[in-house]
Amino acid sequence: MMNNLTMKINHFKKGREIEKNKEIVEFTCTTNKCTFQIIKINKKIYFKKVLSNNIQNEIKGYDVIKGCYIIPKRISFCKDWVIYEYKNTLSCKTLHDIFYKKNKIFKKYDIIYLQYKKNLNYKKYIDENDSRNSDFFKGRTHMLECLLNNNLIPKEIKYESNKYDLRKIIRETINNINKNKKVLSFVSQGDPTDTNISINGIFTDFENAGYNSIIGEISIAFASFITHGQYFYPKYHESAYKLRPYILNEFEVYKPCIKYWKNEINCLKHKIQKNSLNYFKEYLNIFIKKLSEDEIMQLNEYIKYYLIMRMLTPIDIYKMELDDQYIIFGYIIEIYIKINKLEDLKKFLYSDSIEVIGL
């Protein structure tokens, strides 16, 4: 019979990494005591702390996409911990690491793209309330209502010599996202950020895995790879980057250039890391090529509203510095007037308003 074993725990991503051990019955950490029956494990493992009300989402999400995507082997789980098999690429070769730490030209993302292509073959329309990523959209419209009800958004912004009613744009966004509708969906990991995908195609974090709306999937990825991942996320979600401190010293490099005065924006120029931009370009092309004309038409009707929603909700805008608030206001207006269909989004990625950073 094996003895109980208290193990020294090292941080790993959202969970922890446990050093190589052959036999484990029990481990103890500072805040929780969790017992697992794990027999003859000859590989490293890591565990993820999950809020108790989300543990079933993590477990069910994993079960749905198992066999559809490359994911780490799940070893065990209890009340609010999940244990997975550990691979070195999960901690040092995520897309984020390749983009910002290695700073090398990287072109081989095929192992990731092929998984999306395969699963898009089984796309279907479902009620939006059944889409796992609706939590990021319908589930957050109350945040936009709060901004409007508390008069936290300026009514009028002048942008490139034209005046725009920002509150009207946000109200229009809320109304369109809250519409009862069927959305084209496919099986995905559900939160396609650069820290959740490794260069060898392994996906992690399964709380929103399952059937996800394609329009939501693209919007979340757009924020991660184009507008938020290199600047806003590390600046305002610093704790999520403790294992990737290099970006905490560099994010100011990616701050968009903006000129504004009171409620007037005169200039907005984006700064995007080259690998991140190239990755998203091909990612978007996969969806455009896999969708029929009718399917694209439905996405075109709502795409700008989902992109706008994603500009406002990952970070509380009024916890931002004033410069950053105006960058977000500029993003909202720019999306509203320039992106009315998927092809417009594609054109935006090649526009003169983008300064490419990197090799």
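Which residues is Leu277 in contact with, leaving aside its neighbours within four places in sequence?

**Entry 1: Leu277.** I worked on a predicted model. I looked up Leu277 and placed it in helix H10, which spans residues 274–290. Leaving aside neighbours within four places in sequence, I found Leu277 in contact with Ile226, Ile272, Leu349, Ile354 and Val356. I then checked the distance from Leu277 to Ile357: their C-alpha atoms are separated by 9.5 Å, although the two residues are 80 apart along the chain. The relative accessible area of Leu277 is 3%, so I recorded the residue as buried.

**Entry 2: Leu342.** I turned next to Leu342, which is found in helix H13 (residues 342–348). Leu342 has a relative accessibility of 2% and therefore counts as buried. With neighbours up to four places away left aside, its contacts are Ile218, Leu284, Ile288, Leu291, Ile296, Leu299, Asn300 and Ile303. I also noted that the C-alpha atoms of Leu342 and Phe287 are separated by 9.4 Å, with these positions 55 residues apart in the chain numbering.

**Entry 3: the chain as a whole.** I recorded 13 helices and 15 strands in the protein chain. The chain has 359 residues, of which 57% count as buried. Among contacts with a separation of 6 or more, 75% join residues 24 or more positions apart.

**Entry 4: the nonpolar core.** I asked which residues have the most contacts inside the largest nonpolar core. They are Tyr116, Tyr279 and Phe280, in a core of 100 residues. Helix H11 (residues 293–312) gives the most to this core, contributing eleven residues. I listed the partners of Tyr279, again without residues up to four places away: Leu95, Phe99, Tyr109, Ile112, Tyr113, Tyr116, Ile197 and Phe225. As general background, I noted that nonpolar side chains tend to be buried together in soluble globular proteins.

**Entry 5: helices H6 and H11.** I examined how helix H6 (residues 166–177) meets H11: their axes come within 9 Å and cross at roughly 115 degrees. The two helices are therefore roughly perpendicular to each other. H6 passes H11 in a left-handed crossing. On the H6 side, the contact is made by Ile169, Ile170, Glu172, Thr173, Asn176 and Ile177. On the H11 side, I recorded Tyr302, Tyr305, Tyr306, Ile308, Met309 and Leu312.

**Entry 6: positive phi values.** Most residues other than glycine have a negative phi. I looked up two residues with positive values. Asn151 has a phi near 55 degrees. It is found in the loop between helix H5 (141–149) and strand S9 (156–159). Asn151 counts as exposed because its relative accessibility is 59%, where the cut-off for exposed is over 50%. Glu160 has a positive phi of about 50 degrees and lies in the loop between S9 and strand S10 (162–165). Is Glu160 buried, partly exposed or exposed? Its relative accessible area is 42%, so I entered Glu160 as partly exposed.

**Entry 7: cysteines.** How many disulfides does the count come to? The count comes to zero. Cys267 is in no disulfide, and the nearest cysteine sulfur, that of Cys257, is 7.2 Å away. The cut-off for a disulfide is a pair of cysteine sulfur atoms within 2.5 Å. Cys267 is partly exposed, with a relative accessible area of 32%.

How values were computed
Residues numbered from 1 in each chain as written. Predicted model: local features only at pLDDT ≥ 70, side-chain atom pairs only at ≥ 80, totals over all residues. Heavy atoms only, no water. Core = buried A, V, L, I, M, F, W, Y, C linked by side-chain atoms within 4.5 Å. Buried < 20%, exposed > 50% of the residue type's maximum accessible area, 1.4 Å probe, protein only. Helix = DSSP H or I, 4+ residues; strand = E, 2+ residues; numbered from the N terminus. Contact = heavy atoms within 4.5 Å. Axes fitted to C-alpha atoms, helices over the stretch in contact; angles between N-to-C directions. Parallel < 35°, antiparallel > 145°, perpendicular 65-115°, else oblique. Left-handed = near helix turned anticlockwise from the far one by under 90°.
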